[in-house]
Amino acid sequence: VQWDEVRALGNRGTTFTEAELEALFVIIDELLPIGPVQWDEVTTRHAVLYPSRNTDSLQRKFNKLASTKMPTGDPNCPKYVSEAKGSDNLLKPRLILVKILTRKI
C-alpha cells in the first residue's frame, strides 16, 4: 500500500467484505458477547482470518448493522444486515438476564 493510498482512506480503515462479515457473525453467534472480555475473544478469533481489525471496529460495525433500519418486508435487505439483526436477537435475552441478575435489590 502506497502512502497516498493510506492518506486517501483518511481516518477509515479497509472495507469489510461480505465473507468477513459472515465470519464475524458466526463468531458472535457462538460467543454471544455482552462484555469487553467476550468482545476481545471475538477479536482474537476473527484475527485468525482477518488480522487488521480491533475490538472497537468489530463491535462498532456489528452495532451499526444490527441497528440499521430497513423498511418492513424489504426483499432487498442485504444478507449481512439480516445476519446482524439475527445475532442481535440472540444477544438481547442475555443482556436482559445480566441486567436482572446485577440489579441491586
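Helices, here DSSP runs of H or I covering at least four residues, are numbered from the N terminus. On this basis, the secondary structure of the chain, taken from a predicted model, comes to 5 helices and 0 strands. The order of elements from the N terminus is accordingly α-α-α-α-α. The chain holds 105 residues, of which 27% are buried. Among contacts with a separation of 6 or more, 52% join residues that lie 24 or more positions apart.

The confidence of the prediction varies along the chain. The mean pLDDT of the chain is 82, and 83% of the residues score at least 70. Among the elements, helix 1 (residues 3-9) has the lowest mean pLDDT, 38, whereas helix 3 has the highest, 96. Over residues 1-10 the pLDDT stays under 50, and for this segment the model has 1 contact beyond four places in sequence. Where pLDDT is low, the predicted coordinates should not be read in detail.

The largest nonpolar core contains 17 residues, and the members that touch the most other members are Phe 25, Ile 28, Val 42, Phe 62, Leu 65 and Ala 84. Two or more residues of this core are given by each of helix 2, helix 3, helix 4 and helix 5 (79-102). Helix 2 supplies the largest share, with 6 residues. In soluble globular proteins, nonpolar side chains tend to be buried together. The surroundings of Phe 25 illustrate the arrangement of the core. Apart from its neighbours within four places in sequence, Phe 25 is in contact with Phe 62, Leu 65, Tyr 80, Glu 83, Ala 84 and Ser 87.

Helix 3 (36-46) has Trp 39, Val 42, Thr 43 and His 46 as buried residues. These residues lie on the same side of helix 3, because the arc that they cover around the axis is only 95 degrees. The packing partners of the buried residues of helix 3 are helix 2 and helix 4.

In helix 4 (55-66), the buried residues are Thr 55, Ser 57, Leu 58, Phe 62, Leu 65 and Ala 66. They pack against helix 2, helix 3 and helix 5. The 12 residues of helix 4 should span 16 Å at 1.5 Å a residue, and the end C-alpha atoms are 16 Å apart, so the expected and modelled spans agree. At the start of helix 4, a side-chain oxygen of Asn 54 comes to within 3.1 Å of the backbone nitrogen of Asp 56.

Arg 53 is placed in the loop between helix 3 and helix 4. Its relative accessible area is 10%, and Arg 53 is therefore buried, the cut-off being under 20%. Polar atoms of the Arg 53 side chain lie 2.9 Å from the backbone oxygen of Thr 14 and 3.2 Å from the backbone oxygen of Thr 15. Residues up to four places away in sequence being excluded, Arg 53 touches Thr 14, Thr 15, Phe 16, Glu 20, Thr 43, His 46 and Leu 58. Of these contacts, Thr 43 and His 46 are among the buried residues of helix 3, while Leu 58 is among those of helix 4.

A further loop position is Leu 32, found between helix 2 (18-31) and helix 3. Leu 32 counts as buried because its relative accessibility is 18%. Although Leu 32 is not a glycine, its phi is positive, at about 45 degrees. Beyond four places in sequence, Leu 32 touches Leu 90, Leu 91 and Arg 94. Leu 32 and Leu 95 are separated by 63 residues in sequence, and their C-alpha atoms are 9.7 Å apart in space.

Asp 88 belongs to helix 5. With a relative accessible area of 17%, Asp 88 is also buried. Its contacts, not counting residues up to four places away in sequence, are Phe 62 and Ala 66. Both Phe 62 and Ala 66 are listed among the buried residues of helix 4, and Phe 62 is in addition one of the core members that touch the most other members.

Key. Residues are numbered from 1 along each chain as its sequence is written. This is a predicted model: local features need pLDDT of at least 70, side-chain atom pairs count only at pLDDT 80 or more; totals for chains, interfaces and linings use all residues. Side-chain values use heavy atoms; hydrogens and water are left out. Buried means under 20% relative accessible area, exposed over 50%, partly exposed in between (1.4 Å probe, protein chains only). A polar contact is a pair of N or O atoms within 3.5 Å; within protein, one must be able to donate a hydrogen and the other to accept it, and residues adjacent in sequence count only if both atoms are side-chain atoms. Contact means heavy atoms within 4.5 Å. pLDDT is the predictor's confidence in each residue, from 0 to 100. A nonpolar core is a set of buried Ala, Val, Leu, Ile, Met, Phe, Trp, Tyr and Cys residues joined through side-chain atoms within 4.5 Å. The arc is that of the directions from the helix axis to the C-beta atoms. The expected span of a helix is 1.5 Å times one less than its number of residues.
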